[in-house]
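Open the model in your viewer and keep the sequence panel beside it. The stops below say what to select and what to look for.

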Amino acid sequence: MEASGKFICRQRQVVLFFVLLGLSQGGMEPRRYSVVEETEGSSFVTNLAKDLGLGQKELSKRGARVISKGNKLHLKLDQETGDLLLNEKLDREELCGHTDPCVLRFQVLLENPLQFFQAELQVIDINDHSPVFVDRDMLLKISESSPPGTTFPLKNAQDVDVGRNNIETYIISPNSYFRVLTRKSSDGSRYPELVLDKALDREQEPELRLTLTAQDGGSPPRSGIAQINIEVVDINDNAPEFEQSLYRVKIPEDSPIGFLIVTVSATDADIGVNGEISYSLFQASEEICKTFEINSMTGEIRLKKQLDFGRTQFYEVNIEARDSGSFSGKCTVQTQVLDVNDNAPEITMSAFIRHIPENSPEAMVAVLSVSDLDSEENGKINCTIQDDLPFLLKSSLENFYTLVTERPLDRESQAEYNITITVTDLGTPRLKTQHNITVTVSDVNDNAPAFSQTTYTLRVRENNSPALHIGSVSATDRDSGANAQVTYSLLPPADPQLPLASLVSVNADNGQLFALRSLDYEALQAFEFGVRAADRGSPALSSQARVRVLVLDDNDNAPFVLYPPQNGSAPCTELVPRAAEAGYLVTKVVAVDGDSGQNAWLSYQLLKATEPGLFGVWAHNGEVRTARLLSERDAVKHRLVVLVRDNGEPPRSASVTLHVLLVDGFSQPYLPLPEVAAAEARADPLTVYLVVALASVSSLFLFSVLVFVAVRLCRRSRAASAGRCSGPEGHFPGHLVDVSGAGTLSQSYQYEVCLRGGSGTGELKFLKPNVPNFQGHSPGPEIEENANFRNDFGFSIQ
C-alpha cells in the first residue's frame, strides 16, 4: 500500500508538471537558436545564463535542466558555465526529412523556484547530399516519324536536401536531336522533359544514348546522372538496293545443271517486316526462264539446263528485289559462256646439268621449252618454280626458259635441291603440268676444321705409366670427302726449354693425346702446348687449340726430418732439468714433405719411449713436452722414437730417435741479459743445413758440456759471463742462427749458446732461449728454462 501510494504521488507530480509546462508555453514567446547540421557534438549553441538574465552559478543552484519532447535530448547544459551545447552531431534529413524549416523545440526548466522557458533550435541544411535518380537507366522508344517539338516526360531525380540545396535544373549531354526542359510541379519539385529538335532517321542512327544530369543549387553544387537509351522505331521509307547494279559472270559450257552462277544481294535500310526482301526474274524471255532460275529468298541464280557455247555465248538476265510494301530495286546479270579448256601444257627438257659446284656465280642448270594445244586464253602458259629456292627461271625466247642459280650455293647449308617446274595455262579451269628435277651441290674446300673447344684442360697423376692416354682433342670439318678428313699435329712449344716432344704425342687420325714418359709433380706441375687440326683439301685449311696439362700430385715422398739431424756421427741429446714442470718443452721435431696438399700434411706420434707416460708429442707441430713432473726415481737417460706421418693415400712416414738427459738444472748467471739477447736475435739467418751441421757437431761434446756447465755455473756471475761472451777476446763470440720455418713448424724458437776460449778448456755456456712474440702471448716458464740446444753458435728454428 505504501508503494502504490508513492506511485500515485509521482503520477500527480508528472501531470502537474506538464500542466504548468503547457501554461508557461501558452503565454511566453519561445527563444530561437540555430545550428548548422553535421556540426560536431559538444559544439557551443548559446549561453543560457546570459539569455535568461541569470548569474553564472544561479543555474546550478536553481537546478536548471533542458527537456524535450520524447525525452530525446539533442542538447545538454553545462551548469557550471551556463553554455548550451550539442549533445550529438545532428542530421537534418534524419530529423525532419523534407520539412523546411527544421525546428526542434525544447524547454529549459528551473526547479527552485519552478520556472519554464520555451525555446526552438533550427537545424540549418547544408548541401551534403547529391541528387539521385531512382531509375538510372531509362529506355525510350520514339518513332522516326515523330515531328520536331514533340516532348517526352522523364523520371525525375530525388534530393533529400531542401531549399536551394534541392534540385534546381536538369542538363542533357550535347546531341543533334534533343534538348531538356526543367519543369516545376505543384509541390515545388522539379522534373525533366525531353524535347525533340530534329527529325529522327533510324537508317542513319538507329539508337541514341544520352546522359541526363540533375544539379542542385548548393554551393558547391552537387549532381547525379542517369542514362537515357533512345530506340528509334522504324517505318517503311526505304526501297531495296542491290550491292551491284550490274553483275558480270563467265560460265564454262560444261557446267552441270544446278550450277551456281552468281548470288545477287540487295539490302533494305528498314528493319523487321519492312526490311524483308524477295527476288525474282524481271521481264525474262522464254529462253532465259528455261535456262536460269533464282531462289526468291537467297538470290542464288543457278543453271536450269545445259549450256551450248556453239549456240549461245552470252545471256543478259534482269533481277527484281521487292520488300513487303510497294518498294523494289533492280539489277542486271550478264552471263558469258566460256569454251572448255581440255588440254594440259607440255614440258620438254633440252639440257640439264645435275651437279653444280658450290660458291659458283650464276650457273646454268637446265634449258626447257613449254607448249599448249589449246587456243586463246586456254593456250597461254605461265612457267614457275618454288619461291624459297635460290634459282631463277628466265624466259629467253617464246615459250623457252633457262633455269640458273640466283646466288652462289653453299653445300654446307644445303647439299641437294628438289626443283619442281610448274607450267600452268590461263584457261578455266586452269590446267597444269609439273616436272621434278634434283640438283646436287658439289663440295669445295671452304671450311677450316673447328675444334669443339678453344682450350682443353687435362689432368694426369704423376708417376704415370709411359704411353698413357691422357685425353683427346676433337675437330670437325663441315666439308665432305677429303676436304673433311682431319689430321692432328703438335705445334712447337712457346717455351723452348719445354721438352714437348718427350712429354706428349698426338694421334694424327683421332686426336688422342698420350704421355710419353712418367711425369713428376715435384719437377713439373703444369705445361701447355698447341694442337693443329688440318684437312686434306687443296689448299689445306687448319685451326689451332690450346691444351693445358695439369700434373696431379701423388704421395711419393716420405717426410724428411730436418731436426734433430739424422746424419750426425753422434746422437743429439736434449737436456731437461728435473725441476721442469709438466708440459715443459724438451725439443721440437722439424720435418718437411716434398709433396703438396694433403700429401704434405704431417702429423707426429711418439712411437717408443724408455719410460712411457713421461713424455708426449704434439701431433700437429712436433713439440716434445714432459707429460708430468719429474722425480728422482726417473732414469737419467731416455730414448724416444718419434714417428712423422703424412696424410697421403697410402700414407708415408719417417722416424727419428731423440736422446733425453735429465739434469739437476741450468745456471741462471750464465744466461744473457734481455737486451743482449734481443740484439743478437736480429742476426742474419743461416740455412737449415748449417743448423743440421752445427747440431751434429755439438752432440759430440754433450757429456763434456755437462761437466763444464756444472763447474762453471757455480763460479761465474751473470754480468761477467755476458761481457766475456760478447767481448772481443772470446774465440767464439755468440751468434744467433735463424732458420726459416719449414714443414709443420708453427712458431720461432731462438736459443743462444756461447763457447768460451782463453783457458783452452773449451767450456760451453748455455744461455736462455730468445723466444719471439707468440702472437701476443708471453712464452711459458718452460720456454724460459729450456736450453737444450748445445751448439757452438746460437740456433733458431722458425
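The tour goes through strands and sheets, then backbone exceptions, then a pocket.

**Before selecting**

This is a predicted model, in which local features need pLDDT of at least 70 and side-chain atom pairs count only at pLDDT 80 or more, while totals for chains, interfaces and linings use all residues. Residues are numbered from 1 along each chain as its sequence is written, and side-chain values use heavy atoms, with hydrogens and water left out. Helices (H or I, at least four residues) and strands (E, at least two) are DSSP runs, numbered from the N terminus. Two strands pair if DSSP finds at least two bridges between them. Buried means under 20% relative accessible area, exposed over 50%, and partly exposed in between (1.4 Å probe, protein chains only).

**Stop 1: a hairpin**

Select residues 75-78, which are strand 4. In a regular strand the side chains alternate between the two faces of the sheet. Here Leu75 and Leu77 point to one face and are buried, whereas Lys76 and Asp78 point to the other and are not. Now add strand 5 (residues 83-86), which runs antiparallel to strand 4 and is joined to it by four bridges. Across from Leu75, in strand 5, is Leu86. Four residues lie between the strands of this hairpin, and Gly82 takes a positive phi near 80 degrees.

**Stop 2: a mixed four-stranded sheet**

Select strands 9, 16, 15 and 12, which form an open sheet in the order 9-16-15-12 with mixed pairing. Strand 9 (137-143) and strand 12 (167-172) are at the edges; each has a single partner strand, so one side of each lacks a neighbour in the sheet. From one strand to the next the twist averages 25 degrees, with axes taken as lines fitted to C-alpha atoms (for helices over the stretch in contact) and angles running from 0 to 180 degrees between N-to-C directions.

Zoom in on strand 9 and strand 16 (residues 223-233): they run parallel and are joined by seven bridges. Leu139 has Asn229 of strand 16 as its bridge partner. Then step back to Pro220, in the loop between strand 15 (207-216) and strand 16. The peptide bond that joins Ser219 and Pro220 is cis, with omega about 0 degrees.

**Stop 3: strands 35 and 42**

Which residues of strand 35 are on its covered face? Select residues 455-461: Tyr456, Leu458 and Val460 make up the covered face, and Thr455, Thr457, Arg459 and Arg461 the uncovered one. Strand 42 (residues 542-552) pairs with strand 35 in the parallel sense over seven bridges. The bridge partner of Tyr456 in strand 42 is Val547.

Another cis peptide bond runs from Ser538 to Pro539, with omega near 0 degrees. Pro539 is in the loop between strand 41 (526-535) and strand 42.

**Stop 4: positive phi outside glycine**

Most residues other than glycine have a negative phi, and most peptide bonds are trans. Select Gln283, which is not a glycine but has a positive phi of about 50 degrees. Gln283 sits in the loop between strand 21 (278-281) and helix 5 (286-291) and counts as exposed at 67% relative accessibility. Next select Ala467, with a positive phi near 65 degrees. Ala467 is in the loop between strand 35 and strand 36 (468-472), and its relative accessibility of 54% counts as exposed.

**Stop 5: a buried threonine**

Is Thr405 buried or exposed? Thr405 belongs to strand 31 (residues 400-405) and counts as buried, at 1% relative accessibility. A polar atom of the Thr405 side chain lies 2.8 Å from the backbone nitrogen of Ala363.

**Stop 6: an antiparallel three-stranded sheet**

Select strands 45, 49 and 48, an open sheet in the order 45-49-48 with antiparallel pairing. The edges are strand 45 (585-588) and strand 48 (615-617), each with a single partner strand, so one side of each has no neighbour in the sheet. The twist averages 20 degrees from one strand to the next. Strand 48 and strand 49 (residues 623-626) pair over three bridges, and Phe615 stands opposite Thr626.

**Stop 7: the second largest pocket**

Finally, select Leu338, Asp339, Glu376, Glu377 and Asn378, the closest to the centre of the second largest pocket among the 13 residues that line it. A pocket is an open set of points on a 1 Å grid over the protein atoms alone, where a 1.4 Å probe fits, with protein on both sides within 12 Å along at least five of seven lines; lining residues have an atom within 4 Å of a point. Strand 25 (residues 328-338) gives the most to this lining, with three residues.

Technical notes: A polar contact is a pair of N or O atoms within 3.5 Å; within protein, one must be able to donate a hydrogen and the other to accept it, and residues adjacent in sequence count only if both atoms are side-chain atoms.
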